[in-house]
Amino acid sequence: MRIAFLGDVVGRAGREAVVRHLPGLRRRLGLEFVVVNAENAAGGFGITEATASELYEAGADCLTLGNHSWDQREALTYIEREPRLIRSLNYPRLANAPGRGAGLYETAAGQRVLVVSLLGQRGMEPILDDPFSAVDRELEACPLGQACDAVVVDMHADVTSEKMSMGHFCDGRASLVVGTHTHVPTADAQVLPGGTAYQTDAGACADYDSVIGNDKDEPLRRYTTRIPSARFKPAEGEATLCGVFVETDPRTGLARRIEPIRLGGRLIQHVPQVEPALAKA
Ligand SMILES: [Fe+2]
Ligand SMILES: [Fe+2]
């Protein structure tokens with residue numbers, strides 16, 4: 001099974017990159033399921049129904065969120081009626097968070113894909129419950145290769161060691177564990193020893209003539225003068241679509257292959273080559 005995961009879509013530039021490139025990528029790579037982190041899709045902060053719809057129409061099957069989930073108030077109610085949108089799983093029980101933190105989806109060919117969204121604890125605001133215990137429960141309840149054909153875990157976190165630890169914790173039980181939130185693609189794509197594809201950060205779908213997707217003037221001003229003088233706003237140049245491509249073994253659901261995707265914009269380009277027989281016409 002062929003899956004793509006795209007990192008944080010930042011603002012209009014990020015959405016335009018998804019709209020421009022994802023339909024072609026779906027055909028070219030023969031993608032059967034696409035997960036997109038959309039926590040920054042609406043003006044850099046959160047998600048709205050209108051921005052989510054653009055991403056679904058472009059070919060996203062499931063959208064994940066992160067620490068910016070509720071920046072747009074409408075997300076609190078929208079998520080209740082949109083099963084393809086998931087927030088972090090590990091909210092404390094008493095938070096009574098709306099929506100769900102995991103979803104089981106079916107592809108056009110009938111394969112079942114479990115998607116889990118986690119928020120790391122180190123250096124993050126808000127600090128949620130332990131993501132390791134939370135994902136463990138989901139993976140036990142829906143074993144890969146038995147109750148589902150693929151498992152995708154989005155580990156939205158700031159600290160590299162926490163993300164890597166999550167990769168190893170899920171190794172052999174997930175098809176893919178991929179990090180989001182830091183908005184820069186890391187060069188460590190690999191299939192872990194137990195068969196889980198892993199990359200510490202997927203990177204952002206954003207304009208990279210920026211500071212992590214934001215117009216660079218205000219971050220530079222704050223770093224040099226220490227005085228905030230404007231709000232952060234997304235950079236508006238052409239974005240690079242960033243993420244990973246994963247091919248799984250249909251028998252086990254484990255990964256055979258992972259490769260980065262970087263398409264459009266300023267970053268060095270990389271699009272996986274797939275056998276023409278695999279790609280759909
Ligand atoms: Fe983000
Ligand atoms: Fe984030």
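**Two iron ions and the sheet and cores of a predicted model**

The iron ion (ligand 2) takes its protein donors from Glu39 (OE), Asn67 (OD1), His156 (NE2) and His181 (ND1), at 2.1 to 2.2 Å. The coordinates are those of a predicted model. Along the chain these donor residues follow the spacing E-x27-N-x88-H-x24-H. The angles that the four donor atoms subtend around the iron ion (ligand 2) run from 85 to 144°, so the arrangement is irregular. The upper limit for a tetrahedral assignment is 135 degrees. Two of the donors link distant parts of the chain: asparagine 67 sits in the loop between β3 (62–64) and α3 (75–81), while histidine 156 belongs to strand β7 (residues 150–156), 89 residues apart. Asparagine 67 and histidine 156 are both buried.

The second metal is the iron ion (ligand 1), which is 3.4 Å from the iron ion (ligand 2); glutamate 39 coordinates both. Asp8 (OD), Glu39 (OE), Asn40 (OD1) and His183 (NE2) coordinate the iron ion (ligand 1) at 2.0 to 2.2 Å. The spacing of these donors in sequence is D-x30-E-N-x142-H. This site is also irregular, with angles of 90 to 167° among its four donor atoms. Asparagine 40 is in the loop between β2 and α2, and histidine 183 is in the loop between β8 and β9, so this pair ties together parts of the chain that are 143 residues apart in sequence. Asparagine 40 counts as buried because its relative accessibility is 3%; histidine 183, at 6%, counts as buried too.

Strand β7, which carries histidine 156, is part of an open sheet of six strands in the order β5-β6-β7-β8-β10-β9, with mixed pairing. The edges are β5 (102–106) and β9 (190–191); each has a single partner strand, so one side of each has no neighbour in the sheet. β5 runs antiparallel to strand β6 (residues 112–119), and five bridges join them. Within this pairing, glycine 103 is opposite valine 115 of β6, and glutamate 106 is opposite arginine 112 of β6. The two strands form a hairpin with five residues between them, and glycine 110 in the turn has a positive phi of about 90°.

On its other pairing, β6 runs parallel to β7 and is joined to it by seven bridges. Valine 115 stands opposite valine 152 of β7. β6 is mostly covered, with seven of its eight residues buried.

Two helices can be placed against these strands. Helix α4 (residues 131–141) packs on the sheet and touches β5, β6 and β7; the angle between its direction and that of β6 is about 170°. Helix α5 (residues 160–170) lies across β6, β7, β8 (176–180) and β10 (197–199), and runs at about 165° to β8.

The largest nonpolar core has 40 residues, of which Val18, Leu29, Ile47, Leu55, Leu63, Leu85 and Leu241 touch the most other members. At least two residues of this core come from each of β1 (2–6), α1 (11–29), β2 (33–37), α2 (49–58), α3, β11 (241–248) and β12 (255–263). The most are given by α1, which supplies six residues. Beyond its neighbours within four places in sequence, leucine 85 is in contact with Ile47, Tyr56, Leu63, Leu65, Tyr78 and Ile79. A second core, separate from this one, has 22 residues, among them Ala102, Cys148, Val153 and Leu192.

Definitions and conventions
Residues numbered from 1 in each chain as written. Chains lettered and ligands numbered in written order. Predicted model: local features only at pLDDT ≥ 70, side-chain atom pairs only at ≥ 80, totals over all residues. Heavy atoms only, no water. Donors = N, O, S within 2.8 Å, 3.2 Å for Na, K, Ca; no water. Tetrahedral: all angles 85-135°; square planar, octahedral: opposite > 155°, others 65-115°. Helix = DSSP H or I, 4+ residues; strand = E, 2+ residues; numbered from the N terminus. Buried < 20%, exposed > 50% of the residue type's maximum accessible area, 1.4 Å probe, protein only. Pairing = 2+ DSSP bridges. Contact = heavy atoms within 4.5 Å. Axes fitted to C-alpha atoms, helices over the stretch in contact; angles between N-to-C directions. Core = buried A, V, L, I, M, F, W, Y, C linked by side-chain atoms within 4.5 Å.
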